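Here's a quick tour of one chain, starting at a turn and working inward. Have a look at the fold first, then read on.

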Amino acid sequence: MTDAARPPFPPFTRETAIEKVRLAEDGWNSRDPEKVALAYTVDSRWRNRAEFATGREEIVAFLTRKWARELDYRLIKELWAFDGNRIAVRFAYESHDDSGNWFRSYGNENWEFDDNGLMRLRHACINDLPIEESERLYHWPLGRRPDDHPGLSDLGL
């Protein structure tokens, strides 16, 4: 894996923070653990729910497990706040398990970036809400959310 710089770089403006959030959303919607891991420093530290990961290898393993059980995963992220090299986001994603049970998972993340635009810290708190398939709000084809698809605020989430 590479340590290539990932613009935009801190310190963030409102516009570059929004861009960084959308790039992260796009990466996660790819559901490609190797690709997603490249946005993080080689020694990045995560807290995701009650699980901790350090470094890209552990991030790839975590994401591989995640997307093996969270099927038809679709995510929307939205900027909450930013300052210098830090960004706070809120997000919601929809997925189902292998029994066809659907969930909407809501969360908040705090991110800290190095000077090359790589995330070195990620802290995520997430809650899962069981939903009926008829309650789903994310219906785009798997992959990147279309630009004209409503965001979290537009959907009332």
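## From a hairpin to the core

Asn-48 sits across from Glu-51 of β2. This is a predicted model, so treat what follows as a reading of that prediction. The hairpin that β1 and β2 make has 2 residues between its strands, and one residue to look at there is Arg-49, with a positive phi near 60 degrees.

β1 has partners in both senses, as the table lays out.

| Strand pair | Sense | Bridges | Facing residues |
|---|---|---|---|
| β1 and β2 (residues 51-54) | antiparallel | 4 bridges | Asn-48 and Glu-51 |
| β1 and β6 | parallel | 5 bridges | Arg-47 and His-123 |

Now for the inside. Which residues touch the most other members of the largest nonpolar core? They are Trp-28, Tyr-40, Trp-46, Leu-63, Ile-87 and Trp-111, out of 27 residues in that core. Quite a few elements chip in with two or more residues: the helices α1 (14-30), α2 (33-37) and α3 (55-69), plus the strands β1 (40-48), β3 (71-83), β4 (86-96), β5 (102-113) and β6 (119-131). α3 is the top contributor, giving 5 residues.

Ile-87 is worth a closer look. Leaving aside residues up to four places away in sequence, Ile-87 touches Phe-12, Ala-17, Lys-20, Val-21, Leu-79, Ala-81, Phe-82, Glu-109, Asn-110, Trp-111 and Phe-113. Apart from the largest core there's another one, made of 5 residues, including Ile-76, Ala-92, Tyr-138 and Trp-140.

Definitions and conventions. Residues numbered from 1 in each chain as written. Predicted model: local features only at pLDDT ≥ 70, side-chain atom pairs only at ≥ 80, totals over all residues. Heavy atoms only, no water. Core = buried A, V, L, I, M, F, W, Y, C linked by side-chain atoms within 4.5 Å. Buried < 20%, exposed > 50% of the residue type's maximum accessible area, 1.4 Å probe, protein only. Contact = heavy atoms within 4.5 Å. Pairing = 2+ DSSP bridges.
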